[in-house]
Amino acid sequence: MKVFSSVYTFDYSWEEVSSANWRKYCPWNDQSTHVISVDTLSRDVDPATGILRTERLITCNQSAPAWVVSLLGGAKISHVYETSFVSPADKRVTMCSTNLTWSNILRVRETVTYQPDLTASSPGHERTRFTQDAKITALCGGWQKVKTKIEEASIERFSENARRGREGFEAVLEMSRRVFGEEREREQMN
């Protein structure tokens, strides 16, 4: 098993980040062109806690290295199952995802959290801490060299994709702030 961990601070409030999170794979994000569709499977609010729980299926164009595809075979389309929990009371978004494609060969478990970064925020300038952890496990029993190579290639690819994902989400946050700011100005003028 290989582990990937990353911490990043967005220069946006938790309210902005948690709202824009639902638009992460929109046309404003030029880093997510591999995402074909995002389908909401279920969504409900726990009446006791106020936590919004959402299950989504994310369909993507496959981006596995060519040598992995030639070795293991596979389709050009991949699917990821995501469960998210939004706690307005705690100001915390937690998203857990796992691959469905090739899950018998490679298991990827990712957990992402967004919460206010109180150490980096100041009055009128709130920031949000983003934590990302992934555990990648190749399930090729007995083939330690192949297993290690697959895990190493996967963690490298995951790291590259994580960086591009943050860059793309920054673009979504910037556009969201601008568009919603313009909308507020229009409403105030009327």
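## Glutamate 182 and arginine 178 in helix H3

Glutamate 182 and arginine 178 are both part of helix H3, where 4 residues, about one turn of the helix, set them apart. In this predicted model, the two side chains form a salt bridge whose closest N and O atoms are 3.8 Å apart. Glutamate 182 is partly exposed, with a relative accessible area of 36%, and arginine 178 is likewise partly exposed, at 46%.

## Further salt bridges in helix H3

Helix H3 covers residues 144-189 and includes arginine 163 and glutamate 167; because they are 4 residues apart, about one helical turn separates them. These residues form a salt bridge with a distance of 2.9 Å between the closest N and O atoms. Arginine 163 is partly exposed, at 39% relative accessibility, and glutamate 167 is partly exposed with a relative accessible area of 39%.

Glutamate 183 and arginine 186 also lie in helix H3, with a spacing of 3 residues, about one turn of the helix. Their salt bridge brings the closest N and O atoms to 3.0 Å. The relative accessible area is 33% for glutamate 183, which is partly exposed, and 45% for arginine 186, also partly exposed. Across the whole structure, 8 salt bridges are found.

## The hairpin of strands S2 and S3

Strand S2, residues 35-45, pairs with strand S3, residues 52-61, in the antiparallel sense, and 9 bridges join them. Within this pairing, serine 42 stands opposite glutamate 55 of S3.

The hairpin has 6 residues between its two strands, and glycine 50 adopts a positive phi near 80°.

Note on methods
Residues numbered from 1 in each chain as written. Predicted model: local features only at pLDDT ≥ 70, side-chain atom pairs only at ≥ 80, totals over all residues. Heavy atoms only, no water. Pairing = 2+ DSSP bridges. Salt bridge = Lys/Arg side-chain N within 4 Å of Asp/Glu carboxyl O. Buried < 20%, exposed > 50% of the residue type's maximum accessible area, 1.4 Å probe, protein only.
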